[in-house]
Structures are given as structure tokens and as C-alpha cells.
Amino acid sequence: MQPGQPDMQMILQQAQKMQQQLMAAQAELTSAEVVGQAGNGLVQVTTTGAGEVRSVRIDPKVVDPDDVETLQDLIVGALQDAARRAQELQAEKMGPLAGGLGDAAGGLGLPGLGA
């Protein structure tokens with residue numbers, strides 16, 4: 001082994017620790033909820049941090065049989081807002097872990113794990 005390089009045992013321990021942290025973060029995302037909205041809250045969509053839709057709430061005053069397109073647009077907007085919020089939560093929870101994987105494995109020259 002060359003001086004200054006971590007030994008394989010240490011790298012494997014770091015990788016195992018990061019894997020455990022990653023699994024914990026994924027579990028947290030599965031149970032965490034975010035709310036996306038459109039039309040100043042007239043339509044709200046609740047999803048998990050992993051993107052699973054849990055509920056949709058539509059304010060009755062936005063339901064107009066003569067203007068279904070507006071309601072459809074509001075639902076799409078709320079879904080997009082929820083997806084964006086879930087993505088932000090994912091970046092918050094997983095970002096540091098993903099960066100750590102690149103640092104730990106990048107020096108090994110493993111494909112897909114380097115920076």
C-alpha cells in the first residue's frame with residue numbers, strides 16, 4: 001500500500017456506514033410528507049418524500065362543471081409543486097450521503113461511484 005492511501009478495511013467500513021445512513025434516509029423519505037398546492041391552496045396534493053401521492057384536497061369553490069380545464073390545470077400544478085418539494089426533501093436528506101459516496105469510492109476508480 002502506498003503512503004497516504006486508506007486501507008481497504010477502512011474504505012469498506014465507511015461504505016457500510018454510508019449504506020446504513022442511506023437506508024435510514026430512504027426510510028425517512030418514505031414516511032415524510034410534503035404538500036404541493038396551486039391556486040393559493042384551492043388544490044392541495046400530499047405526497048411522501050419519495051413521491052407517492054397520499055391525498056388530494058380540492059376546495060369546492062373551484063369545482064365548476066362549465067370550467068373543468070381550470071380544475072385540471074390546478075391539479076397538475078399542485079402535483080408539480082408536490083414533486084418539486086419532494087425533490088428538495090430528497091436532496092436535503094440524500095445530498096450529503098451521495099456526496100460522501102463519491103468521495104469514498106472515487107479514489108478506487110469504481111465506475112459510477114466517482115465524482
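The dialogue below walks through several features of this predicted model, from the overall fold to single residues.

Reader: Before turning to details, how many helices and strands does the chain have, and in what order do the elements run?

Author: The chain has two helices and three strands, and from the N terminus on its elements run α-β-β-β-α. Of the 115 residues, 25% count as buried, while the accessible surface of the chain comes to about 7,800 Å², with 54% of that area belonging to carbon and sulfur atoms. As for contacts between residues with a separation of 6 or more, 47% of them are made by residues 24 or more positions apart.

Reader: How should I read the sheet, and which strands stand at its edges?

Author: The three strands form an open sheet in the order 1-2-3, with antiparallel pairing. Strand 1 (33-38) and strand 3 stand at the edges, and because each has a single partner strand, one side of each is left without a neighbour in the sheet. On average, neighbouring strands of this sheet are turned by 15° against each other, direction ignored. Strand 1 and strand 2 (residues 43-48) run antiparallel and are joined by six bridges; to take one pair, Gln37 has Gln44 in strand 2 as its bridge partner.

Reader: Is Thr47 of strand 2 buried or exposed, and which residues does Thr47 touch?

Author: A residue counts as buried when its relative accessible area is under 20%. Thr47, which lies in strand 2, has a relative accessible area of 4% and is therefore buried. Leaving aside residues up to four places away in sequence, Thr47 touches Ala32, Glu33, Val34, Glu52, Val53, Arg54, Ala82 and Ala86.

Reader: What is notable about the phi of Asn40?

Author: Most residues other than glycine have a negative phi. Asn40 has a positive phi of about 55° although it is not a glycine. Asn40 is found in the loop between strand 1 and strand 2, and with a relative accessible area of 83% this residue is exposed.

Reader: Turning to charged side chains, how many salt bridges does a search of the whole structure find, and which residue does Glu33 meet in one?

Author: The general idea is that side chains of opposite charge can pair when their charged atoms come close. In this model the search finds six salt bridges. In one of them the side chains of Glu33 and Arg54 meet, at 3.1 Å from N to O, and this pair links distant parts of the chain, with Glu33 in strand 1 and Arg54 in strand 3, 21 residues apart. Arg54 also meets the side chain of Glu52 in a salt bridge, at 3.9 Å from N to O. Arg54 is partly exposed, with a relative accessible area of 40%, and Glu52 likewise counts as partly exposed, at 46% relative accessibility.

Reader: Where do Asp81 and Arg84 lie, and how far apart are the closest N and O atoms of their salt bridge?

Author: Both residues lie in helix 2, three residues apart, which is about one turn of the helix, and the closest N and O atoms of their salt bridge are 2.5 Å apart. Asp81 is buried, with a relative accessible area of 11%, whereas Arg84 is partly exposed, at 37%. Salt bridges that share partners join Asp81, Arg84, Arg85 and Glu88 into one network.

Reader: Which residues does Gln90 touch, and how far is Gln90 from Gly49 in space?

Author: Gln90 has its place in helix 2 and is partly exposed, with a relative accessible area of 29%. Although 41 residues separate Gln90 and Gly49 in sequence, their C-alpha atoms are 6.6 Å apart in space. Not counting residues up to four places away in sequence, Gln90 touches Leu29, Gly49, Ala50 and Gly95. Another residue of helix 2 is Val76, which is partly exposed, with a relative accessible area of 44%; the C-alpha atoms of Val76 and Val45, 31 residues apart along the chain, are separated by 9.6 Å.

Reader: Finally, which residues make the nonpolar surface patch, and which element gives the largest share?

Author: The patch, of about 380 Å², is made by Val53, Val56, Ile58, Val63 and Leu79. Strand 3 (residues 53-58) gives the largest share, with three residues, and Val63 is found in the loop between strand 3 and helix 2 (68-106).

Conventions: Residues are numbered from 1 along each chain as its sequence is written. This is a predicted model: local features need pLDDT of at least 70, side-chain atom pairs count only at pLDDT 80 or more; totals for chains, interfaces and linings use all residues. Side-chain values use heavy atoms; hydrogens and water are left out. Patches are made of residues with over 30% relative accessible area and no salt bridge: like charges are joined within 9 Å, nonpolar side chains (Val, Leu, Ile, Met, Phe, Trp, Tyr) within 5 Å. Accessible areas come from the Shrake-Rupley method with a 1.4 Å probe; for residues, only the protein chains shown count as cover. A salt bridge is a side-chain nitrogen of Lys or Arg within 4 Å of a carboxyl oxygen of Asp or Glu. Helices (H or I, at least four residues) and strands (E, at least two) are DSSP runs, numbered from the N terminus. Buried means under 20% relative accessible area, exposed over 50%, partly exposed in between (1.4 Å probe, protein chains only). Contact means heavy atoms within 4.5 Å. Two strands pair if DSSP finds at least two bridges between them. Axes are lines fitted to C-alpha atoms, for helices over the stretch in contact, and angles run from 0 to 180 degrees between N-to-C directions.
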